[in-house]
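User: I am new to this structure and would like a close look at a single helix, followed by an account of what surrounds it. Please take it slowly and explain each term as you use it.

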Amino acid sequence: MRKLLCLIVALMMMLGCAQALAAGDDVAFAPYEERISMTVGRANPGSVDLPEDADIEHNKYLDYICDKLNIDVTYDWIAEPSTYNQKVNLAITSGDLPDVMIVTNKGQLQQLVENDLIEDLTGLADQYFSDYILDIYNSYADKGLGSCTFDGKVYAIPNLEAGYSYSYLWVRKDWVDALGAKMPTTLDEVVELARLFMEKDPGGNGEGNTIGIAVNTRVAGVYNNLGNIDPIFHTFGSFPRQWIRGEDGKLTYGTVTEETKNALAYVAQLYKEGVLDPEFVVRTGDDFNALLLSGRCGIFFGPWWMPDWPLPSAKVNNPDCDWVPVLAPLSDDGNFYAYKQDESTTWAVVRKGYEHPEAPFKVLNQTYIGMRGFDPSVREFYPDRNVLWTVYPLPILLNYDDENVQAAKLIQAALDTRNPEGLDPQNTNFYESSVKWLDDGDIDSWHTYTSRVTASMLAGSENVKFVDNVYPARTDTMDLKLTQLEKIEDETILKIIMNEMPVDEFDSFVTNWYAQGGQEITDEVNEMYGN
Amino acid sequence: MTHHRSRFLTALRMNWWIALILLLLAFSCLLPILNTVAISLSNQAYAATGRVGLIPVEFTLSSYEKLMAEATFGRAFLISVLRVLLGVALGMLTTILTAYPLSKSTRAFPLRNAYMWFLVFTMIFNAGTIPWYMQIRNLGLLNTLWALVLPCAVSSYNIILMMNFFRGIPREIEEAAIMDGAGAWRVLLQVYLPLSLPSLATIALFILVQHWNNFYDGLILMNKPSNYPLQTYIYQLTVRIDPSTISDAETLREALKVSGLTLNASKLVVSMVPVMVVYPFLQRYFVKGLTLGAVKG
């Protein structure tokens with residue numbers, strides 16, 4: 001009898017296991033038997049191109065989620081991005097949290113965890129995410145859920161931002177050709193070309209009106225940014241404003257290093273000679289763009305998406321204008337050094353006590369079926385429109401780290417044979433635009449081909465080497481002293497470049513920086529990463 | 001009137017060069033406004049390259065179309081009009097009724113100074129955003145039109161302005177009215193108010209502009225874009241060009257027609273319009289010296 005019982009128990013356990021194994025996507029997409037409600041707090045995506053009779057609170061995408069999963073999503077509040085953190089603070093202090101809330105600030109995420117206001121979601125990702133989404137998370141290994149793991153417990157659903165959006169050189173190829181020059185690869189060649197542009201004035205701006213190298217007021221150390229001159233700093237081994245892990249495993253703040261001093265000395269010399277835009281400190285973002293678009297400048301640094309924005313206006317303004325990306329300047333060893341992105345900057349959290357903490361996982365599963373084109377019926381919702389994906393209730397963007405590079409390779413392969421078979425819907429769009437530019441010379445399609453194929457492939461070149469950098473959460477000392485430290489940092493960088501402060505004073509800035517709290521912050525960050 | 005005009009013309013003939021300089025100066029004040037209007041009506045590609053001066057380059061209304069594209073625009077406009085109407089009515093009521101007693105001496109109104117300090121205190125000390133938000137939330141005003149109107153219904157600044165104007169009206173006029181048997185209400189309504197038209201118009205204009213231009217309270221106190229007043233709606237309208245989503249030429253062409261630059265310019269124009277429309281109507285109240293010569297001896 002007991003044997004029989006054991007057998008039955010064993011059989012039942014096996015059956016249970018089999019069920020769990022087969023579950024996978026069945027659980028991920030299973031609708032609730034009874035309609036459940038989910039209130040959401042999120043940022044306003046602005047104009048997402050919905051028709052007159054729909055808006056962000058009422059549209060077919062929300063109905064889609066409801067039809068497929070039986071989850072009725074309503075918005076507790078939709079706040080503006082500019083005041084978003086404030087709105088989340090108000091929600092936290094008033095204790096009035098929506099069931100699911102988007103958080104865009106790591107300090108707030110920490111605060112929510114420390115005050116025990118949000119659900120522990122440990123294990124739910126493996127259990128409820130679809131295979132498609134799980135694969136993206138797993139491709140980042142520990143970093144996938146690392147940003148929201150506290151003491152081994154997972155407290156949120158983080159976004160995953162694709163990498164390879166570091167800056168490299170953009171050059172006016174039509175100017176290079178007109179002057180019979182060659183494309184630069186080293187820093188000296190880049191500067192030489194800038195001098196040539198200023199001297200020969202291929203844009204016809206008049207004597208002394210051509211800007212050598214454009215730069216924005218932040219100068220360096222902002223990821224995925226138009227107008228930083230990061231690559232110049234990197235050839236000196238300098239990574240301003242970034243936390244870099246050295247060979248001994250210790251983390252150092254990139255601004256306060258000998259390498260940065262050398263790089264600043266070089267850049268200050270460029271400024272003195274007038275190669276670097278002499279008026280860069282007073283230019284707004286719009287002014288900066290105007291330099292590139294009106295043909296007053298032929299050299300700047302930016303990531304792969306420059307052709308999508310702002311460069312198309314340059315093409316409208318002057319169809320001959322030909323901005324091309326170049327993997328330059330290379331370091332002496334022939335490599336191009338860059339630092340990596342902060343993978344997770346947005347998190348979805350679940351209010352403590354919400355009965356269905358797994359619901360947001362399911363919403364995301366269905367969202368990705370819709371937005372990545374796996375369900376063709378979604379395209380028929382508003383056929384004449386190009387509704388942005390942020391219309392979905394949980395705007396958590398998930399991409400593979402090298403998503404753009406891989407896509408570029410696939411599109412290029414398809415272009416080689418002029419056969420788009422096997423491309424996913426989004427890449428098929430890019431393919432079609434590329435063909436329009438390559439075969440018909442359609443100027444409006446230039447940007448897609450250049451950004452999605454040329455520039456993205458370039459970003460994935462083999463001689464690109466990433467340094468080991470981290471994005472630490474805010475520490476206690478940062479809360480107290482970071483504002484002041486960043487102020488002296490910004491001032492020193494600008495003053496040295498503008499020759500208002502001798503380079504030698506950089507050393508006293510470093511001493512100051514450590515003395516005014518930098519040392520404590522460095523210790524805290526090292527401790528955070530287990531040093 | 002004709003007398004005035006001929007004198008003006010004579011002066012103009014005599015000092016034509018002074019007139020010319022002044023006219024040029026006046027015109028230079030208009031230039032930035034004209035430039036903004038021109039940018040708002042231009043194709044953004046040209047605006048972005050800085051080629052637009054006083055005349056639109058490649059005329060287009062796309063930025064205005066973008067501004068008014070969504071159903072939310074009409075609703076936001078209506079909310080703004082309602083808030084201005086309610087706000088001005090309520091604001092005038094509280095300003096007049098508070099300023100009038102405060103304009104009296106402590107003999108007539110013993111607690112005057114206490115009330116005065118109470119008002120001034122609120123001008124200097126401010127609790128901050130979070131208590132303000134919690135208070136309005138606890139009153140159940142979040143997401144309602146009243147949240148935009150009630151919290152700013154009493155303006156200490158306007159009250160002090162109005163009070164000082166009332167004080168400037170000669171006491172004798174009031175005394176004469178009282179001798180004729182007028183009560184406090186009649187003195188206020190039939191003596192003080194008609195004599196205060198210029199400052200009433202000024203304060204009405206202040207309140208109107210303040211209500212029309214305020215976007216911040218809408219941003220914090222309204223939880224849904226569908227409840228935004230016009231300025232908040234306009235404020236959140238930015239062209240978000242997301243490189244990860246622009247794939248086809250069509251979207252890009254649309255995005256390129258409007259950009260931050262042209263859209264911002266059209267936002268400025270739209271926010272200027274109502275005040276420019278209302279101002280001429282209010283101007284006839286800006287008359288000086290109504291009480292001049294009212295008191296003899």
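Analyst: Helix 19 of chain A covers residues 476–497, and its 22 residues, at 1.5 Å a residue, should span 32 Å, which agrees with the 32 Å between its end C-alpha atoms. That expected span is 1.5 Å times one less than the number of residues, while helices (H or I, at least four residues) and strands (E, at least two) are DSSP runs numbered from the N terminus. The model is a predicted one, in which local features need pLDDT of at least 70 and side-chain atom pairs count only at pLDDT 80 or more, whereas totals for chains, interfaces and linings use all residues. Residues are numbered from 1 along each chain as its sequence is written, and chains are lettered from A and ligands numbered from 1 in the order in which they are written.

Helix 19 of chain A also has a kink of about 55 degrees, centred on A:L482; the bend at a residue is the angle between axes fitted to the seven residues ending there and the seven starting there. The buried residues of this helix are A:L485, A:E489, A:T492, A:I493, A:I496 and A:I497, where buried means that 20 or more other C-beta atoms, placed from the backbone, lie within 10 Å of the residue's own. Among the elements that cover these buried residues are helix 12 (258–273) and helix 20 (506–528) of chain A. Just after helix 19 of chain A, A:N499 takes a positive phi of about 60 degrees.

The wider setting is given by the domain assignment of chain A, which lists domain 1 (24–160 + 347–391), domain 2 (168–339 + 472–528) and domain 3 (403–459); such bounds come from an automatic or database domain assignment. The centres of domain 2 and domain 3 of chain A, taken over C-alpha atoms, are separated by 29 Å. In the contact between these domains, 10 residues of domain 2 of chain A meet 11 residues of domain 3 of chain A, a contact being two C-beta atoms, placed from the backbone, within 7 Å. On the domain 2 side of chain A, the touching residues divide into eight nonpolar, no polar and two charged, with Ala, Val, Leu, Ile, Met, Phe, Trp, Tyr, Cys and Pro counted as nonpolar, Asp, Glu, Lys and Arg as charged, and the others, Gly among them, as polar.

Turning to strands, strand 10 (residues 299–302) of chain A is covered on both faces, with A:I299 and A:F301 buried on one side and A:F300 and A:G302 buried on the other. Strand 7 (residues 168–172) of chain A pairs with strand 10 of chain A in the antiparallel sense over four bridges, and A:Y168 stands opposite A:G302; two strands pair if DSSP finds at least two bridges between them. Elsewhere in chain A, an open sheet of three strands runs in the order 9-8-15 with antiparallel pairing, and its edge strands, strand 9 (251–253) and strand 15 (469–470) of chain A, each pair on one side only. Within this sheet, strand 8 (residues 243–245) and strand 9 of chain A are joined over three bridges, with A:R245 opposite A:L251.

Finally, chain A meets chain B through a contact that takes 43 residues from chain A and 34 residues from chain B. The chain B side divides into 17 nonpolar, 11 polar and six charged residues, and chain B itself has 16 helices and zero strands.

Notes. Buried ≥ 20, exposed ≤ 12 C-beta atoms within 10 Å, placed from the backbone.
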